[in-house]
Amino acid sequence: MFIQTQATPNPSSLMFHPGKPVMEVGSTDFPNPRSAMNSPLAKSLFAIDGITRVFFGSDFVTVTKSEDASWEFLKPEIFAAIMDFYSSGQPLFLDSQAAAAMDTAIHQFALPCVSQFPSHRFLLSILLTRNDPSKCPGDDSETVAMIKELLETRIRPAVQDDGGDIEYRGFDPDTGIVKLKMQGACSGCPSSSVTLKSGIENMLMHYVPEVKGVEQEFDAEDEEASLSGQVE
């Protein structure tokens, strides 16, 4: 088994490509060892001293280390953990239902009919060509559907190339603020705030006039992981 590594914008995170599929659908973020109990691979990676976060993408595993840990010593152990997992025949998740609940993919939603929203007819016709235009709107408003589609088709692929992912957390129509959660290598990355403002925010505001800004949302687990990293 030949495992390739790829650097990310975050010097504390490294992508490992096992040459085999990792996640069949979406992605999964493990901000601490407790969240990895359902995954044999994530659990074994956290058993390596110096590992602070693990992330599963479609065909890669992103591992984040503490500041004082060295990749020179960590990489051989990570290689061994990944190879042992794939040779063991174990499932990626012990509980498939728990895995589905942790999936960070933007799930399918009923998209607005192009004819119902003439103000965005041209943009929708470009973005939604892979969807059936005869579908009627679901629970998502026109604005939320547009935001999700841009995240799924334009933004997430670029973020995943850097070893992370982005999760939609909500949109406040009163303030025009979109809430997003950065994951994997993008979580805690020094350049994540620049990516959020210069890249994601600008694109969403350009294509969706209702969007006035983007804010990053943190879970209690993220704050706990950040504090534990500082303590180490």
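The following questions and answers concern the fold of one predicted chain.

This is a predicted model in which residues are numbered from 1 along each chain as its sequence is written, and side-chain values use heavy atoms, with hydrogens and water left out. Local features need pLDDT of at least 70 and side-chain atom pairs count only at pLDDT 80 or more, while totals for chains, interfaces and linings use all residues.

Me: How many helices and strands does the chain have?
Reply: Helices (H or I, at least four residues) and strands (E, at least two) are DSSP runs, numbered from the N terminus. On that basis, the secondary structure comes to 7 helices and 8 strands.

Me: What share of the residues of the chain count as buried?
Reply: A residue is buried under 20% relative accessible area, exposed over 50%, and partly exposed in between (1.4 Å probe, protein chains only). The chain has 232 residues, and the buried share is 49%.

Me: Which strands are the edge strands of the sheet of 5 strands?
Reply: Two strands pair if DSSP finds at least two bridges between them. The open sheet has antiparallel pairing and the order E1-E2-E5-E4-E3. Each edge strand pairs on one side only, and the two are strand E1 (4-7) and strand E3 (28-30).

Me: Which residue in E2 stands opposite Ala-7?
Reply: E1 and strand E2 (residues 13-17) run antiparallel and are joined by 4 bridges. Within E2, the residue opposite Ala-7 is Leu-14.

Me: At about what angle to E2 does H2 run?
Reply: Axes are lines fitted to C-alpha atoms, for helices over the stretch in contact, and angles run from 0 to 180 degrees between N-to-C directions. H2 lies across E1, E2, strand E4 (51-56) and strand E5 (61-65). Its angle to E2 is about 35 degrees.

Me: Which helix packs on the sheet of E6, E7 and E8?
Reply: This open sheet of 3 strands has mixed pairing and the order E6-E7-E8. E6 and strand E7 (residues 177-184) pair in the antiparallel sense over 8 bridges. The helix touching E6 and E7, with a direction at about 165 degrees to that of E6, is H5 (residues 142-161).

Me: Is Leu-94 buried or exposed?
Reply: Leu-94 is placed in the loop between helix H2 (71-88) and helix H3 (96-102). Because its relative accessible area is 59%, Leu-94 is exposed.

Me: Which residues does Leu-94 contact, leaving aside its neighbours within four places in sequence?
Reply: Contact means heavy atoms within 4.5 Å. Leu-94 and Pro-40 are 54 residues apart in sequence, yet 7.5 Å apart in space, C-alpha to C-alpha. With those neighbours left aside, the contacts of Leu-94 are Met-37, Asn-38 and Pro-40.
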